[in-house]
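Got the viewer open? Let's take a short walk around this one, selecting as we go.

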Amino acid sequence: KEKLRKLGYQPSPVDPCLFTKKIGDSFSFVFIYVDDGGAMGKKKAIEDTMKGLSAKFTIKRMGPLEQFVGCVMTMNKEKDTMWVHQPKLLGHLKEKFAEEVPNRTVYTPAATSYSVVKPQPEEPLISAELQSRYRMGVGMLLYLVKLSRPEIANATRELTKVLEGATPGHYKAMLGTIKFVLETERLGLCLRPEMVKGNALFTLKGLCDSDYAGDKDTRISVYGFILYL
């Protein structure tokens, strides 16, 4: 952080791992995640940044940004789009759960109006071994939500309610969500700037929805939102 500040970068107030630098009428960005990182901006700005960092740290340059924290970024320059995909994580899901998922086709991440209810004292729970697998499966789904599959967010959020003690029904619901992901493994997150007269126009649009006292255990209302930039 100290070195990046000396190079003119400032940490973002909303994400301390994102650094920005204004150069004339454009911006240069540096982002860091543990020992992984990247830079975006005009070529000269990137070269100056890499030169400055290389004087202080040992840096391995890996060329154009095509992979980052388990994600594969695929550019389509003709359509000016980037697809974010997580094939490695999908491979792990398939390896761990392919033999358990249902044979039937799954069309949605969860059943319509599905809501997880915490087990009653008399209800049987899955074994400790299966509970460990449940946490592993939900954890993988959460990482997919974070980076490339926002459409499974609500189904996965419901599954997180019983990480400390799930029933066979909860475990079956998790397998259903995993089956949906595996059947739609070619889907990813598309990043596409809106072009107006040859220039990228940044506009912010937000959508939200909520229920009323939708959580059957706590009667808390559940809401969701999505922001498009």
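Which residues make a nonpolar surface patch of about 840 Å²? Select Phe202, Leu204, Tyr223, Phe225, Leu227 and Leu229, and you have it on screen. Keep in mind that this is a predicted model.

Now pick out one member of that group. Leucine 204 sits in the loop that runs between β10 (199-200) and β11 (205-210). Is leucine 204 buried or exposed? It's exposed: its relative accessible area is 66%, and the cut-off for exposed is over 50%.

Next stop, another loop. Select proline 13, which you'll find between β1 (10-11) and β2 (18-23). Proline 13 counts as exposed too, because its relative accessibility is 83%. Keep proline 13 selected and add phenylalanine 202, one of the patch residues. These two are 189 residues apart along the chain, and a distance drawn between their C-alpha atoms comes to 20 Å.

Time to zoom out and show the whole protein chain as a cartoon. You should be able to count six helices and twelve strands. The C-alpha trace spans about 65 × 40 × 35 Å along its principal axes. If you turn on contacts between residues at least 6 apart in sequence, 59% of them join residues at least 24 apart.

Finally, switch to a surface view. The accessible surface adds up to about 15800 Å², with 58% of that belonging to carbon and sulfur atoms. Of the chain's 229 residues, 30% count as buried. Colour by charge and you'll see 34 positive and 26 negative side chains, with the centres of the two sets 8 Å apart.

Conventions. Residues numbered from 1 in each chain as written. Predicted model: local features only at pLDDT ≥ 70, side-chain atom pairs only at ≥ 80, totals over all residues. Heavy atoms only, no water. Patch = residues over 30% accessible without salt bridge, like charges linked within 9 Å, V, L, I, M, F, W, Y side chains within 5 Å. Areas by Shrake-Rupley, 256 points an atom, 1.4 Å probe, with all protein chains shown as cover. Salt bridge = Lys/Arg side-chain N within 4 Å of Asp/Glu carboxyl O. Helix = DSSP H or I, 4+ residues; strand = E, 2+ residues; numbered from the N terminus. Buried < 20%, exposed > 50% of the residue type's maximum accessible area, 1.4 Å probe, protein only. Contact = heavy atoms within 4.5 Å. Lys, Arg positive; Asp, Glu negative; His and termini not counted. Charge placed at Lys NZ, Arg CZ, Asp CG, Glu CD.
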